[in-house]
Amino acid sequence: MNRERLTQPIAEGESIILLDPEDDKEFFYKMRAKGHIDLHKGKILHAEIIGKPEGAVVRTSKGDPFLVFRPTLFQFIMHMKRDTQIIYPKDLALILFYADIYPGSTCLEAGIGSGSLTLALLRAVGPEGKVISYEKRPEFIERATKNIQLLLGDGAPPNLEVKLRDIYEGIEEQGIDRIILDIPEPWQLVQNIAQSLRPGGIFVGYLPTIIQVKTLVDALREEKRFTSIHAFEALIRDWHIEGLSVRPDHRMVAHTGFITLARRGEAP
Ligand SMILES: C[S@@+](CC[C@H](N)C(=O)[O-])C[C@H]1O[C@@H](n2cnc3c(N)ncnc32)[C@H](O)[C@@H]1O
């Protein structure tokens, strides 16, 4: 989404966050001309939101105020429809920085799943870059495409190429800057990844269990072209700050996945 669009009033077809200023509770909706929202505090017609600028106050039928915003990418990913596990924002943030995903780069990922990583990559590579996504199940391509279009507007982004293909049959592209795999057995592709990444390119594996991480790291070490191999996980602990009650939240997302990184050089 570009800045020009973001400064326009909310339009039909866009997704919005409705925020209750009393407790910061968020609600997520797609705007339709004849739609309406039923909340415990009353009803709001979509038509009362369409045409408003971001940050505007709208009132329910009972007079309670709510604020209207476009979702941030973080909020969109947390609220969008999912048919698969997704990579959560806490891990996306680290993948983008640790893998040094830069504007203009060409990134290859698998599988597209619900499109969470794809959206993060599209934003990071920008219009000069490219995202190539392998996915073996057409229904997930459909889900991800709907999510991408809901956030970015109609029409496929010109810098996204989606391939309906089992990636274990081989990565066809060469000279890729970054490869990020969120599939169960990335170690099957280690030689192919080394072949497809340009020298200096970075590989990321995203895996839910440490047994998978160990298998991947062993395979990366055996393929002598990889260096700087390391694995980590991210734990984010939110804090409750109210009056004298200043303490960590009682609940947190303890485990999502492990991030494994490796850099492609020449075999020493
Ligand atoms: C956990 S989901 C990916 C979620 C995605 N990264 C996201 O953030 O929304 C794993 C996806 O990989 C796909 N997949 C699994 N094995 C694959 C393969 N061999 N080739 C292509 N896609 C594959 C699955 O169909 C599924 O959509």
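The following paragraphs describe the overall make-up, the two sheets, the ligand shell and one edge-strand residue of a predicted model.

The chain contains eight helices and 15 strands. Along the principal axes, its C-alpha atoms occupy a box of roughly 70 × 50 × 30 Å. Of the 268 residues, 32% count as buried. Among contacts with a separation of 6 or more, 63% are made between residues 24 or more positions apart.

One open sheet comprises seven strands with mixed pairing, in the order E9-E8-E7-E10-E11-E15-E12. Its edges are formed by E9 and strand E12 (226–232); each has a single partner strand, so one side of each is left without a neighbour in the sheet. From one strand to the next, the twist averages 15°. Helix H4 (residues 89–98) packs on this sheet, where it touches E10, strand E11 (197–207) and strand E15 (258–264). The direction of H4 makes about 10° with that of E15.

Within the seven-stranded sheet, strand E7 (residues 106–110) and strand E10 (residues 176–181) run parallel and are joined by four bridges. In this pair, Cys107 stands opposite Arg178 of E10. Parallel pairing is also found between strand E8 (residues 130–135) and strand E9 (residues 160–164), over five bridges. Here Ser133 stands opposite Val162 in E9. The connection from E8 to E9 passes through helix H6 (residues 138–152), and the resulting β-α-β crossover is right-handed.

Edge strand E9 also holds Glu161. This residue has 15 C-beta neighbours inside 10 Å and therefore counts as partly exposed; the cut-offs are 20 or more for a buried residue and 12 or fewer for an exposed one. When neighbours within four places in sequence are left aside, Glu161 is in contact with Lys130 and Ile132. Both ends of the span 130–135 that defines E8 enclose these two positions. By comparison with these contacts, the C-alpha atoms of Glu161 and Thr84 are separated by 20 Å, the two residues being 77 residues apart along the chain.

A further open sheet has four strands in the order E2-E1-E6-E5, and its pairing is antiparallel. Strand E2 (25–30) and strand E5 (57–59) occupy the edges of this sheet; each has a single partner strand, so one side of each lacks a neighbour in the sheet. The twist in the four-stranded sheet averages 35° from one strand to the next. Strand E1 (residues 15–20) pairs with strand E6 (residues 65–69) in the antiparallel sense, over three bridges. The bridge partner of Ile17 is Phe69 in E6.

The shell around the ligand consists of 21 residues, of which Gly111, Gly113, Ser116, Lys136 and Asp182 come nearest. Two elements give two or more residues to this shell, namely helix H5 (116–125) and E8. By residue class, the shell divides into nine nonpolar, seven polar and five charged residues. Strand E8 thus appears both in the ligand shell and in the parallel pair with E9.

Conventions:
Residues numbered from 1 in each chain as written. Predicted model: local features only at pLDDT ≥ 70, side-chain atom pairs only at ≥ 80, totals over all residues. Pairing = 2+ DSSP bridges. Right-handed = clockwise from strand over helix to strand, strands pointing away. Near = placed C-beta within 6 Å. Nonpolar A, V, L, I, M, F, W, Y, C, P; charged D, E, K, R; others polar. Contact = placed C-beta atoms within 7 Å. Axes fitted to C-alpha atoms, helices over the stretch in contact; angles between N-to-C directions.
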